[in-house]
Amino acid sequence: MPTIIALDVSLSMTRPIPNQSSNTGSSSTGGSENVLTYHQLAVQGVNYVLDYLTKHARLEFVSLIVYSSLFEVVVDFTRDYDAIRQALHKIEHYDKTSLENVLVAVNNAFKAHWGSQNYCQIIFITDCGVGMGPSSLKNTIINIQTYKATCVAAVAAAAAAAAAATSEGSKTSGGSGGASAAPVPQPSDNQWVGFSYPSKLSFMCLGSLATDSAFRCGTKLYQQLLDVSGQKGQLFVPRMKMKHEDTAVDETSSPAATGDDGEDILRQLTRASSLEAFETMCDTNYRQFEATLRCGGYFRLEDPITVWPAPLPYTARDVLGGETTKLMSRRLEVCGFLSMSDIGSPMSVSRHLILPRGAVGSDYADAVVKGSSTGGGIKNGHAHTSAEERLEADIKVFYSKSDAGEHHAHGGEEHGPDGADVNKESVCVLLHGALKVENMAALVLLGDAWYGFIYSYADGKKKWNLMLNVLPPGTDVVPWLGDLRYLGTLEDAFAGENPSFPIKADKRSYSQNIVVWIRQAGLQSDIQKVLRHAKKLPEKTQHFYKELNRIRRAALSLGFVELLEGLAHIFEREITTLPLSASPDCSMQLTHAAMELRNPTNRDLKSIIHALPTQYNQLG
């Protein structure tokens with residue numbers, strides 16, 4: 001989940017914060033030496049974000065962009081946060097604020113590095129300047145509203161044309177298809193109408209709503225920008241001391257501190273209030289997803305983990321347009337294990353790292369003792385009624401007490417950097433080692449009818465990680481595995497039954513000579529095969545046209561009409577490179593094939609390109 005930090009370096013950010021010398025209680029001479037500006041507060045906020053990421057999300061890629069009327073990528077996406085800290089000391093200030101230019105730059109920069117499927121956190125740190133002239137924020141909002149109105153009008157016109165065609169009894173598929181597929185106007189290159197990838201836009205607004213009228217107007221426009229564009233985002237404004245809090249000042253205070261001027265001073269922006277806003281933003285956007293990984297019924301095969309990056313809510317839309325949002329459970333249950341070759345490469349929603357989370361041994365022991373002391377212990381929310389369950393509860397208490405005793409006996413000498421006992425067993429380590437050696441993956445239940453796979457993944461030559469691959473919600477999302485609820489063990493297989501995957505049908509209902517162009521090499525090999533047959537004409541005339549028709553049908557089925565024109569150009573170029581020993585039929589057949597590929601009447605799937613009868617191939 002990469003992060004882009006956009007820092008406002010317009011001239012308004014160089015302003016000093018008003019009344020800060022009186023607020024800090026320093027003298028006039030001392031206050032003039034330590035005057036804080038909006039830019040200095042913004043730099044402190046960036047450092048706070050970097051410190052927070054270093055502590056809680058050190059794997060985040062961060063990029064720093066500065067902007068005024070133009071923009072500059074100061075530091076590209078990196079995990080070296082010290083490079084960003086050093087770059088903050090070399091920033092210069094420029095002219096007015098132009099928000100739309102930097103929004104377009106952020107959109108293009110992220111797509112160039114990460115594509116349109118990854119999630120991005122975008123943080124703007126500004127004093128809510130709105131700019132002036134054609135590049136002002138107000139004009140940006142008007143342009144977005146105009147673009148949205150144009151799109152709505154285009155869709156309405158297409159719907160009206162389709163309804164008119166239906167009422168007239170038109171049965172031609174071309175007319176109805178053209179009316180329903182009316183082109184939606186595209187924004188210009190310098191126009192921002194929202195990010196083209198999943199993202200969250202956070203504005204860190206540095207100012208006082210109580211005393212700064214320009215700041216109040218700016219925050220309203222920034223919120224209107226989020227509302228009009230439909231962009232997911234939030235404004236974070238430093239919390240000021242309200243009027244009812246001002247009245248709680250001690251009555252023995254000086255009149256200057258309790259008067260109107262004193263009330264304004266208490267409502268001004270301070271370093272503490274701005275850092276509190278940054279803390280709120282970090283806790284909101286970078287909250288860790290803490291869960292419990294459970295493998296089997298034995299109580300020791302359970303570990304607290306951290307899933308990074310935090311999984312996003314999955315929103316599914318049905319055929320009627322209704323949306324359903326599902327959240328991943330905080331308890332991940334391992335259901336079984338499958339070979340990596342059986343799983344293959346199914347469609348996934350997202351991928352996450354699974355990191356072990358240190359748990360205090362004494363707290364865990366106290367929780368187990370408390371659970372077992374009430375009614376013979378509790379297991380999965382139910383009281384232990386059978387003798388086996390009571391015996392298991394007693395064993396848990398015994399092992400928990402022994403772990404707690406060993407923990408106090410060592411005196412805290414063997415602890416990791418995060419306070420966790422290095423000698424304590426870890427399910428993550430056990431699971432990672434087993435999956436890596438056996439080349440298998442664990443099927444995990446993530447929620448109600450929602451599954452995923454945990455497997456060992458190499459991020460480099462020496463670094464291995466435990467990876468969670470989240471599948472789309474549902475039980476039949478991997479076609480070659482069938483319904484995931486009905487998977488069983490090898491012992492459950494009947495006599496003579498083949499339990500391997502994929503399950504093979506007795507009689508195939510599809511053709512074998514299918515064309516697969518998932519990778520570029522597949523398309524290149526098919527074209528090269530046609531050219532090899534072309535150079536061996538007239539002996540390979542039948543093979544040449546058989547492969548040519550196969551490629552033509554596949555291209556037409558996929559809508560890849562440009563391939564036909566490309567093949568025609570290739571054939572014409574091959575004619576000029578034929579050796580002198582080549583048969584005259586070769587150039588004649590290639591010219592005939594190029595003409596037939598460009599013929600519009602051959603765009604039907606049922607049509608077939610036949611060979612040209614000549615005296616060389618004796619087809620006439």
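Which residue does the side chain of D51 meet in a salt bridge? In this predicted model, the partner of D51 is R85, with an N to O distance of 2.7 Å. The contact joins distant parts of the chain, since D51 lies in helix α3 (residues 38-56) and R85 in helix α4 (residues 81-88), 34 residues apart. D51 has a relative accessibility of 42% and is accordingly classed as partly exposed.

R85 also takes part in a salt bridge with D82, where the N to O distance is 2.9 Å. Here the two side chains belong to one element: R85 and D82 are three residues apart in helix α4, which means that about one helical turn separates them. D82 is partly exposed, its relative accessible area being 44%.

A further salt bridge is formed by E302 and R331, whose closest N and O atoms are 3.4 Å apart. This pair likewise links distant parts of the chain, with E302 in strand β8 (residues 302-308) and R331 in strand β11 (residues 331-339), 29 residues apart. E302 is partly exposed at a relative accessible area of 25%, and R331 is partly exposed at 33% relative accessibility. Both residues belong to a network of salt bridges that also includes R294 and E333.

Across the whole structure, the search identifies twelve salt bridges. Among them are the D51 and R85 pair between helices α3 and α4, the R85 and D82 pair within helix α4, and the E302 and R331 pair between strands β8 and β11.

Methods: Residues are numbered from 1 along each chain as its sequence is written. This is a predicted model: local features need pLDDT of at least 70, side-chain atom pairs count only at pLDDT 80 or more; totals for chains, interfaces and linings use all residues. Side-chain values use heavy atoms; hydrogens and water are left out. A salt bridge is a side-chain nitrogen of Lys or Arg within 4 Å of a carboxyl oxygen of Asp or Glu. Helices (H or I, at least four residues) and strands (E, at least two) are DSSP runs, numbered from the N terminus. Buried means under 20% relative accessible area, exposed over 50%, partly exposed in between (1.4 Å probe, protein chains only).
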